[in-house]
Amino acid sequence: MPGLNVLTVDAVSEIDAEVVAGRVLTSVAGVSASLGWDLKPEGLCRGDVCVPVRDDAGIVDGDHVDLGGVAELLGMASLLDEEAAVLAISAPAADRRAALKGRVAPDFTLPDLDGNLHSLEEFKDRKRLLIAFASW
Amino acid sequence: MIGVFLDESADDVREWAEGISFPVLLDRDHLLADLYAVSNVPTVVWIDTDGSIARPNSAEVGTDMFKDFTGVTPDEHMQQVRDWVREGVLPDDADYEVDDLSADEIDARLAFRLATHSRRAGNEARASHWFAAAGELAPMDFTIRRAAMPLQGVDPFGEAFFELFGAWREAGSPYHGVPRG
């Protein structure tokens with residue numbers, strides 16, 4: 001299978017995948033490499049968490065796994081650029097809802113202007129003013 | 001305070017960040033536009049010691065230039081912040097619930113991501129296609145419409161911006177956050 005770039009909120013990865021009728025079909029390894037979730041008999045798992053996958057979810061077809069379908073199960077939206085072979089995947093909706101409805105500030109990790117990574121968690125136990133800004 | 005710039009490169013930000021002593025981070029993939037439903041900047045979120053959101057997205061500003069656009073002086077906001085930090089006092093609007101992103105707004109962010117990815121790869125034609133798609137999906141979102149301007153050689157403080165601003169006002173100044181009077 002040819003290479004396809006997957007853009008998640010954390011990373012850019014290249015996986016082997018085929019696009020069939022607008023669906024991105026990859027292997028179990030491709031799912032793990034791009035999303036960081038492993039498809040196991042007990043479901044989609046990451047660390048201690050497993051999300052059950054119903055047989056009729058339609059995301060598994062023989063050796064092939066529908067990556068967009070997997071993302072959807074995890075509450076992530078996806079958008080395919082078939083021409084450029086790139087799939088963009090959003091953050092899980094649950095994280096944003098935790099912020100907007102649950103009023104829990106989701107953690108994130110971003111680089112400073114020197115390229116060093118920092119996360120919101122780094123400044124925990126303090127009152128924080130998160131200011132989103134831009135040069136535009 | 002933690003400043004997060006929804007900009008493409010550190011070079012775009014350095015001038016603005018000069019003299020700032022608090023952490024300044026670069027969010028070139030607009031993670032905060034997704035995770036916190038930020039639809040314009042500046043947006044300020046007050047986060048408490050336990051990680052809860054004390055006051056959600058609001059269009060506070062730090063410079064007088066924006067005062068006309070939002071109707072809030074920077075001094076008022078800083079006084080509110082002081083009251084919160086020193087005495088735990090929250091303004092009346094602190095319990096406002098921010099509207100979630102619509103499906104189109106989520107897709108717009110994905111399209112924008114495809115646009116910047118294409119642009120970084122040197123594929124201007126593909127980038128144009130995706131910037132246009134993103135703009136159609138979320139025409140009132142400044143993190144989509146205005147952020148795309150400098151990435152397409154358009155002045156984000158020029159005519160295109162004033163047109164966008166006018167349309168936005170006419171649409172009732174939609175914003176994911178505490179509404180301004």
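In this predicted model, β13 of chain A and β3 of chain B pair up antiparallel, with five bridges between them. One of the matched pairs here puts A:Ala132 opposite B:Thr43 in β3(B). Strand β13(A), residues 128–133, is also joined to β1(B), residues 2–5, this time running parallel and through four bridges. On that side, A:Phe133 has B:Phe5 as its bridge partner.

Put together, these pairings belong to an open sheet of five strands, ordered β2(B)-β1(B)-β13(A)-β3(B)-β4(B), with mixed pairing. The edges are taken by β2 (24–26) and β4 (53–58) of chain B, each of which pairs on one side only. On average, neighbouring strands in the sheet are turned by 15 degrees against each other, direction ignored.

As for the contact between the chains, 41 residues come from chain A and 60 from chain B. On the chain B side, several elements each supply at least two residues, among them β1, β2, β3 (43–47), α1 (10–17) and α4 (74–87). The largest share, nine residues, comes from α5(B). Sorted by class, the side of chain B that touches chain A has 38 nonpolar, 14 charged and eight polar residues.

Elsewhere in chain A, A:Met76 sits in the loop between α2 (67–73) and β9 (78–81). A:Met76 counts as buried because 22 other C-beta atoms lie within 10 Å, the cut-off being 20 or more. Beyond its neighbours within four places in sequence, A:Met76 is in contact with A:Ala71, A:Ile89, A:Ser90, A:Ala91 and A:Pro92. The C-alpha atom of A:Met76 is 10.0 Å from that of A:Ala88, which is 12 residues away along the chain.

How values were computed
Residues are numbered from 1 along each chain as its sequence is written. Chains are lettered from A and ligands numbered from 1 in the order in which they are written. This is a predicted model: local features need pLDDT of at least 70, side-chain atom pairs count only at pLDDT 80 or more; totals for chains, interfaces and linings use all residues. A residue is buried if 20 or more other C-beta atoms lie within 10 Å of its own, exposed if 12 or fewer, and partly exposed in between; C-beta atoms are placed from the backbone. Two residues are in contact if their C-beta atoms, placed from the backbone, lie within 7 Å. Two strands pair if DSSP finds at least two bridges between them. Axes are lines fitted to C-alpha atoms, for helices over the stretch in contact, and angles run from 0 to 180 degrees between N-to-C directions. Ala, Val, Leu, Ile, Met, Phe, Trp, Tyr, Cys and Pro count as nonpolar, Asp, Glu, Lys and Arg as charged, and the others, Gly among them, as polar.
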